[in-house]
Amino acid sequence: MFKKFLSTFFLFLLLSACSHQQNWLVRHPKAPQSPQKHEIGLVDLGDRWIAIRTSWFGQQLKLTSGQIHDSLGTQLQNTINSQLKSAFPQHKFLTEDIYELFAPTESFRLDSNIFAKLRLPAQGQKLDSVPQLMFIVHELTIGPDIDPSFFFDHTQGGEIIKRKVQSISAIALWTLWDNHSQTNLITGVSDTELLYDYSLPLKPQIDTLLHQLVQNMNRELAPSGSF
């Protein structure tokens, strides 16, 4: 009888642990079903990117520490911006300067343990010459073998383990914003990874990785099958 009780108890604990799946996306009821069909204001990524283990990137790209920021940063900016332009056929590109007009950074809750820092236009601040919908990548993080939980789940701790690289990963924190009603329509964290091939140059692999990342963001913007 006691063994049966223990079995039932541990089964309950297992089911309880599995019952809650982390929510990496928050959608407002007024969010359009197919944002891709609307004109979108795309905010330039600018310097809102982070590279984890920059020394590894420097070794693979054959860059000195002083060259990494400009060289890798230029690739990340150009690739993510061009991929977003392809994902949104009806777009208006907005320079990085517009981000400086937003309200100060605030904490945003995606789930019980998941919080992100967002910088959005203030309530009542309608931006001139900007489409109704605006897509903002708040932060792009790239690095070997990284996981979004490490950066956004406050229950996680420790350090990133430096080991032989298995894959390269990219994580984006983004928002779809309604400029007319000053409403946060969708905020999400998207991620992807690519098995790292040591026999090939890193640069084209980064381009492929960011292409996958934008595809994931594009799918997560709309309910399944709506675009």
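Which residue of β4 does Val43 stand opposite? The legends below take that up, using a predicted model.

**View 1. Strand β2 sits between two parallel partners, β4 and β7.**
Val43 stands opposite Leu94 in β4. Four bridges hold β2 (40-43) and β4 together, with the two strands running parallel. On to β7: here three bridges make the link, again in parallel, and Gly41 stands opposite Met134. Both faces of β2 are covered. Ile40 and Leu42 are buried on one side, while Gly41 and Val43 are buried on the other.

**View 2. Leu84, Phe135 and Met217 have the most contacts inside the largest nonpolar core.**
This core counts 39 residues. Elements giving it two or more residues include β2 (40-43), β3 (49-51), α2 (54-61) and α3 (65-87). β7 (133-144), β8 (167-178), β9 (183-195) and α5 (202-221) are also among them. The largest share, eight residues, comes from α5. As a general backdrop, nonpolar side chains in soluble globular proteins tend to be buried together.

**View 3. Phe135 and the residues it touches.**
Leaving aside neighbours within four places in sequence, Phe135 is in contact with Ile40, Gly41, Leu42 and Val43, among others. Its contacts also include Leu84, Phe88, Met217 and Leu221. Trp174, Thr175 and Leu176 are on the list too. Apart from the largest core lies another one, of 23 residues, including Trp24, Ile52, Ile146 and Leu173.

**View 4. Helix α5 and what its buried residues pack against.**
How far apart are the end C-alpha atoms of α5? They are 29 Å apart, which agrees with the 28 Å that 20 residues should span at 1.5 Å a residue. Among the buried residues of α5 are Leu202, Ile206, Leu209, Leu213 and Met217. Some polar names turn up in the buried set as well, including Gln205, Asn216 and Asn218. An α-helix has 3.6 residues a turn, so residues three or four places apart point the same way. The buried residues of α5 pack against β1 (25-27), α2, α3, β7, β8 and β9.

**View 5. The β5–β6 hairpin.**
Five residues make the connection from β5 to β6. The strands, residues 106-109 and 115-118, run antiparallel and are joined by four bridges. For a pair to look at, take Ser107, whose bridge partner in β6 is Lys117.

**View 6. A salt bridge between Arg119 and Glu100.**
The salt-bridge count comes to one, and this is the pair: the side chains meet at 3.6 Å, N to O. Distant parts of the chain are linked here, with the two residues 19 apart. Arg119 is in the loop between β6 and β7, and Glu100 is in the loop between β4 (91-94) and β5. Is Arg119 buried or exposed? With a relative accessible area of 19%, Arg119 counts as buried, because the cut-off is under 20%.

**View 7. His69 on helix α3.**
His69 is partly exposed, at 44% relative accessible area. Beyond neighbours within four places in sequence, His69 is in contact with Asp47, Trp49 and Thr74. Ala51 is 18 residues away in sequence, with 8.9 Å between the C-alpha atoms of His69 and Ala51.

**View 8. Residues 2-20, where pLDDT is below 50.**
The protein as a whole has a mean pLDDT of 88, with 87% of residues at 70 or more. Residues 2-20 fall below 50, and beyond near neighbours in sequence this stretch has two contacts in the model.

How values were computed. Residues numbered from 1 in each chain as written. Predicted model: local features only at pLDDT ≥ 70, side-chain atom pairs only at ≥ 80, totals over all residues. Heavy atoms only, no water. Pairing = 2+ DSSP bridges. pLDDT = per-residue confidence, 0-100. Contact = heavy atoms within 4.5 Å. Core = buried A, V, L, I, M, F, W, Y, C linked by side-chain atoms within 4.5 Å. Buried < 20%, exposed > 50% of the residue type's maximum accessible area, 1.4 Å probe, protein only. Salt bridge = Lys/Arg side-chain N within 4 Å of Asp/Glu carboxyl O. Expected span 1.5 Å × (residues − 1).
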